[in-house]
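Look at the fold below and follow its strands and helices in turn. The text after it works through the parts one at a time.

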Amino acid sequence: MKAYRAAIERTVRPGDVVADLGSGTGVLGMMCARAGAARVFCVERDAHMVDLARKLACANGLGDRVEFLHSRIEDLTAFPAPVDVLVSETMGAAGLDEGIFQLFSRCASLLPRLPRRVPGRLRVWAAPLAFPELVLRWTLGARVEGLDFSTLAAGLGHIPQVLPVTPAMLLAPPRPLFSGEPGVDAAPERLEAVWDPPPSGVVDGVALWFSADLADGITLANGPRDPDTHWNQLVLPVLPGLAPAAAPFVLEVWPRFVAAAPRWKWRLTWGGLCYEGDPATLDAAGSVAELQPSVSSMYRIRVQCGHWIMSFIS
Ligand SMILES: C[S@@+](CC[C@H](N)C(=O)[O-])C[C@H]1O[C@@H](n2cnc3c(N)ncnc32)[C@H](O)[C@@H]1O
């Protein structure tokens, strides 16, 4: 909040028209109004959040300048007035996972000129990990009360999880996976990072996180070495782990959005070994089956059940 407030105070000018994309409580929109914006459009898809946020804006004496548009951003066809600044906190643990690039692009396409933007740039970082607790959970999950659950555990091993990653888990220095400007650049389709020299031990997963340039000199980041935020990091598990090889370690990631929900498909190549993970399938390692639209909701339910079972076991 402090970083956003500082960035908003540096970006918003008196009289500006601002849009807060995915406004939730409207807190960023209210900060913009306090920074001098004449009108703020808070766009939010959740009706209950809109009701609540409207009350909060009134309670703070900002009801006349903060307006609410109850809509999915994808469904907006116009803003009530040309917008000077776009503000949004729609970053998931790995930055791209709440669709910030898609949301900014959609809004930019509705406006006559490119607005100033908070954040102005988003970077995604990656690092290979040793994650003994994840391995332990997975190993324990293969046997439940004397029952063989290894088939389930094998499938769950492919599901990305948001977990706390510490600097001690990193097996190689973080590498940039992506850098782009929301509203200017398209959402990336394929990302790649190479570690040469390769990681120093068995790789149990790869962590992804972001750093966002909110304004000149104001960066918000959720890396393992950054000050704590409410975000943890996205872990793409590699279970069982990949043993060290002399060759470069290559990570490829395809961040996909199916029905506005993130799907992470990834591939690790290390020497002669190749590991492919895709949360859309709970089948055997190596499967990278493409989602069929007709069965995507079924997959989503299976992935969600996987999360519950994993939490229960742990
Ligand atoms: C991480 S929250 C941030 C909320 C706000 N900045 C706050 O601190 O209260 C993201 C919000 O964006 C909304 N949202 C996400 N995708 C959206 C979309 N495509 N259209 C409209 N709202 C969206 C969600 O419902 C959620 O309230």
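What follows is a walk through a predicted model, from a sheet to a helix, a ligand and a further strand.

Begin with the open sheet, which has five strands in the order β3-β2-β1-β4-β5, with parallel pairing. The strands at its edges are β3 and β5 (116–118), each of which pairs on one side only. From one strand to the next, the twist averages 20°. Within this sheet, β1 and β2 run parallel and are joined by five bridges. To find a bridge in the model, locate D20, whose partner in β2 is C42. In a regular strand, side chains alternate between the two faces of the sheet.

Helices pack on this sheet. Helix α1 touches β4 and β5, and its direction makes about 170° with that of β5. Helix α2 touches β1, β2, β3 and β4, and its direction makes about 165° with that of β1.

Now take α2 (27–34) by itself. Is this helix enclosed or open to the outside? Six of its eight residues are buried, so α2 is largely enclosed by the rest of the structure. A residue counts as buried here if 20 or more other C-beta atoms lie within 10 Å of its own. The buried residues of α2 are L28, G29, M30, M31, C32 and A33. What do they pack against? Their neighbours are the helices α1 (2–11) and α3 (47–59), together with the strands β1 (17–21), β2, β3 (66–70) and β4 (85–88). Just after α2 comes G36, which takes a positive phi of about 115°.

The ligand brings some of these elements together again. Around the ligand there are 19 residues, and G22, G24, T25, R45 and I73 come nearest. Which elements give two or more residues to this shell? They are α2 and β2 (39–44). Sorted by class, the shell has seven nonpolar, five polar and seven charged residues.

Further along the chain, look at strand β14, which covers residues 233–242. Nine of its 10 residues are buried, so β14 too is largely enclosed by the rest of the structure. Strand β9 (residues 161–163) runs antiparallel to β14, and three bridges join the two. In this pair, L163 stands opposite Q233. Strand β12 (residues 203–215) also pairs with β14 in the antiparallel sense, over five bridges. Here V206 is the residue that stands opposite L236 of β14.

Definitions and conventions:
Residues are numbered from 1 along each chain as its sequence is written. This is a predicted model: local features need pLDDT of at least 70, side-chain atom pairs count only at pLDDT 80 or more; totals for chains, interfaces and linings use all residues. A residue is near a molecule or strand if its C-beta atom, placed from the backbone, lies within 6 Å of it. Helices (H or I, at least four residues) and strands (E, at least two) are DSSP runs, numbered from the N terminus. Ala, Val, Leu, Ile, Met, Phe, Trp, Tyr, Cys and Pro count as nonpolar, Asp, Glu, Lys and Arg as charged, and the others, Gly among them, as polar. A residue is buried if 20 or more other C-beta atoms lie within 10 Å of its own, exposed if 12 or fewer, and partly exposed in between; C-beta atoms are placed from the backbone. Two residues are in contact if their C-beta atoms, placed from the backbone, lie within 7 Å. Two strands pair if DSSP finds at least two bridges between them. Axes are lines fitted to C-alpha atoms, for helices over the stretch in contact, and angles run from 0 to 180 degrees between N-to-C directions.
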